[in-house]
Every structure is written in structure tokens, then in C-alpha cells.
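These are my notebook entries on a structure that I examined for the first time. I record what I looked up, one topic at a time.

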Amino acid sequence: MSENRTAIASLFDFKLKAFVTPKALRFFYAFIVILLSLFALGATVILLFNSDFGSQRILYIILIVPAYFLYLLIIRIWFEYLTVIFKIHENTSILAERREA
């Protein structure tokens, strides 16, 4: 039955047999990617139209792209790590159930 639970029903599982995190990971990853993209775009626009940075703004604009992809890579690795932890739990549970039967 725990496989058929919705995310809302999992929130009220006081025995903690159903995990909410794997269901929420996709949402959080998409949310963080959108925020990071908006931040990079906003920083680029600010640097393009703000003359306070002088000649250094070209350097900053060039550095935004690798910084964006580096942060995106770090975030992706972290979310994949969390997903692998939950997959290990699922597979270990299946093996334990087979052994008991």
C-alpha cells in the first residue's frame, strides 16, 4: 500500500513507512534550477546596464557562465546522491522482503 500513497497521504504516515523526499526531489530540483537561472540572467542584465563596474563588467559577464554551470553541476550531483540513497533503501527493502518469504 505504501507504493500507492500520494504525497499528501505520506505526510500523515506517522509510522514513517512512506518517504516524502523522493517525491519532492524533482520539484525542488526544478525550483532551484529556475532560481539559479533567474539569478544568472539577472546578474548578466545588471552588469550589462550598470556602468559602476567599468571595464571589469566584461570579465564578470564571462565568469557568470562557468559559475552558473558549476553550481548547476554541484546541485545536480547532490540531488542524484539523495536519489541514490533512496534507491538503495528501496532495493534493500525488496531484498529483505524476498528473504523473509
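Entry 1, a leucine in a helix. I looked up Leu 59 and found that this residue lies in helix H3. The model I am reading is a predicted one. Is Leu 59 exposed, partly exposed or buried? I noted a relative accessibility of 49% for Leu 59, so this residue counts as partly exposed. The cut-off matters here, because exposed requires over 50%.

Entry 2, the nonpolar patch. I then asked which residues form the nonpolar patch on the surface. Leu 59 is one of them, together with Ile 46, Phe 53, Tyr 60 and Leu 63. I recorded about 460 Å² as the accessible area of these residues together. Helix H3 gives the most to the nonpolar patch, supplying three residues.

Entry 3, a valine in helix H3. I turned to Val 84, which also lies in helix H3. Its relative accessible area is 45%, so I entered Val 84 as partly exposed. I compared its position with that of Phe 53, a member of the nonpolar patch. Between Val 84 and Phe 53 I noted a separation of 31 residues in sequence and of 43 Å in space, taken from C-alpha to C-alpha.

Entry 4, the salt bridge. How many salt bridges does a search of the whole structure find? The search finds one. I identified its partners as Glu 80 and Arg 76, whose closest N and O atoms are 2.8 Å apart. Both residues lie in helix H3, and they are four residues apart, which is about one turn of the helix. I checked the accessibility of each partner. Glu 80 has a relative accessible area of 39% and is therefore partly exposed. Arg 76, at 38% relative accessibility, likewise counts as partly exposed.

Entry 5, the second largest pocket. I recorded a volume of about 220 Å³ for the second largest pocket. Both salt-bridge partners, Arg 76 and Glu 80, appear in its lining. I also listed other lining residues, among them Pro 22, Leu 25, Tyr 29, Phe 79, Thr 83 and Lys 87. Which helices each supply at least two residues of this lining? They are helix H2 (21-49) and helix H3 (56-100). Helix H3 gives the most to the lining, with seven residues. By character, I divided the lining into five nonpolar residues, one polar residue and five charged residues.

Entry 6, an arginine in helix H3. My last query concerned Arg 99, which is found in helix H3. I noted 76% relative accessibility, so Arg 99 counts as exposed. Arg 99 and Arg 57 are 42 residues apart in sequence, and their C-alpha atoms are 63 Å apart in space.

How values were computed:
Residues are numbered from 1 along each chain as its sequence is written. This is a predicted model: local features need pLDDT of at least 70, side-chain atom pairs count only at pLDDT 80 or more; totals for chains, interfaces and linings use all residues. Side-chain values use heavy atoms; hydrogens and water are left out. On a 1 Å grid over the protein atoms alone, a cavity is a set of points where a 1.4 Å probe fits but cannot get out, and a pocket is an open set with protein on both sides within 12 Å along at least five of seven lines; lining residues have an atom within 4 Å of a point. Grid points are joined across faces, edges and corners, and a volume is the space filled by probe spheres set on the points. Ala, Val, Leu, Ile, Met, Phe, Trp, Tyr, Cys and Pro count as nonpolar, Asp, Glu, Lys and Arg as charged, and the others, Gly among them, as polar. Patches are made of residues with over 30% relative accessible area and no salt bridge: like charges are joined within 9 Å, nonpolar side chains (Val, Leu, Ile, Met, Phe, Trp, Tyr) within 5 Å. Accessible areas come from the Shrake-Rupley method with a 1.4 Å probe; for residues, only the protein chains shown count as cover. A salt bridge is a side-chain nitrogen of Lys or Arg within 4 Å of a carboxyl oxygen of Asp or Glu. Buried means under 20% relative accessible area, exposed over 50%, partly exposed in between (1.4 Å probe, protein chains only).
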